[in-house]
Amino acid sequence: MSGIYLMKADLSLINMARWAAEERHSDPDRTAHCLLVESFGPEAAPRPFVIMAREENGQPQGSLLAYTCRTAEELRESAERHQRLAHAAVLDPETIRTVRTPSEWEEGQTLEFEIRVRPVKRSSNRQHGQEQDFFLASPEGSNRTEIYCTWLASTMSRQGALSADPENMIVKRLALRRVRRQNASGWHTAPDVTIVGTAKVMNPELMEQAMTKGLGRHKGYGYGMLLLRRPEVRKS
């Protein structure tokens, strides 16, 4: 039986913004990274993860989704040891829930996926903060969304668990954001892309690795988490 859980917890996005201001965080991805590390400790901090935003009674609310090898009880115990009041006001450990993920995958099985990624490559140019938007390294005249879908298909292929055709992908959301990391010398622009599509299981034994390690870079900052589901059977 799989030892991987899908974790869900409620987030107060208003309190998260207040905490970010108090901590002088200017990059929301780094805010999320620091919140989880400081709430659960470096070893137990769930990753990859994604934050889902919604509106409830006219107020912004959020949910944290993440893969973890720890149960809800273990995560709550870790939060009790590490959280300060400011952290608990953002992420209430009592709202943490976990469900066990599927443990059996079939080769050739079709899955629908959604994933938030940052398609970048290492750059020798320090002006780019050691990273470069993958699109900027593409031939002139390339289509940005096609480049990102091709990059994701190639990343999946290298990981080995899944295979996907870029033509079966859609860019659901695309933004170019100014970001700054703790060890970077300055700001740089990076893509923030959410892609949905279908993929086939190529190696069932590598599926857990694809889920727990994620795809691409910046998995500790809210990128690379594969949200998977079986395709819905539509009645004619």
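User: Hey, which residues gather in a patch of negative charge on the surface?
Analyst: In this predicted model, the patch is made up of Asp10, Glu73, Glu74, Glu77, Glu80, Asp92 and Glu94.

User: Which helix gives the most to that negative patch?
Analyst: That's helix H3, residues 72-82, which puts in four residues.

User: And where's Asp10?
Analyst: Asp10 sits in strand S1, which covers residues 5-11.

User: Why does Asp10 count as partly exposed?
Analyst: Because its relative accessibility is 36%, and partly exposed is the range between the 20% and 50% cut-offs.

User: OK, new topic. How many salt bridges does the structure hold?
Analyst: There are 13 of them.

User: Let's take one. What does Arg177 form a salt bridge with?
Analyst: With Asp27; their closest N and O atoms are 3.4 Å apart. Arg177 belongs to strand S9 (residues 169-179), while Asp27 is in the loop between helix H1 (13-22) and helix H2 (28-40), so this pair ties together parts 150 residues apart in sequence.

User: Are Arg177 and Asp27 buried or exposed?
Analyst: Buried, both of them.

User: Next one: which residue forms a salt bridge with Arg217?
Analyst: Glu131 does, and the closest N and O atoms there are 2.8 Å apart. This pair also links distant parts of the chain: Arg217 is in the loop between helix H6 (207-213) and strand S11 (227-229), and Glu131 is in strand S7 (residues 131-133), 86 residues apart.

User: How do Arg217 and Glu131 compare for burial?
Analyst: Arg217 is partly exposed, at 30% relative accessible area. Glu131 is buried, at 7%.

User: What about Arg144, which partner does that one have?
Analyst: Arg144 pairs with Asp133 in a salt bridge, with the closest N and O atoms 3.1 Å apart. Arg144 is in helix H5 (residues 144-159) and Asp133 is in strand S7, so the bridge ties together parts that are 11 residues apart in sequence.

User: And is Asp133 buried or exposed?
Analyst: Asp133 is buried, with a relative accessible area of 6%. Its partner Arg144 counts as partly exposed, at 22% relative accessibility.

User: Last thing. Which residues are joined into one network by salt bridges that share partners?
Analyst: Asp27, Asp29, Arg116, Arg118, Arg173, Arg177 and Asp192. You've met two of those names already: Arg177 and Asp27 are the pair with closest N and O atoms 3.4 Å apart.

Definitions and conventions:
Residues numbered from 1 in each chain as written. Predicted model: local features only at pLDDT ≥ 70, side-chain atom pairs only at ≥ 80, totals over all residues. Heavy atoms only, no water. Salt bridge = Lys/Arg side-chain N within 4 Å of Asp/Glu carboxyl O. Helix = DSSP H or I, 4+ residues; strand = E, 2+ residues; numbered from the N terminus. Buried < 20%, exposed > 50% of the residue type's maximum accessible area, 1.4 Å probe, protein only. Patch = residues over 30% accessible without salt bridge, like charges linked within 9 Å, V, L, I, M, F, W, Y side chains within 5 Å. Areas by Shrake-Rupley, 256 points an atom, 1.4 Å probe, with all protein chains shown as cover. Lys, Arg positive; Asp, Glu negative; His and termini not counted. Charge placed at Lys NZ, Arg CZ, Asp CG, Glu CD.
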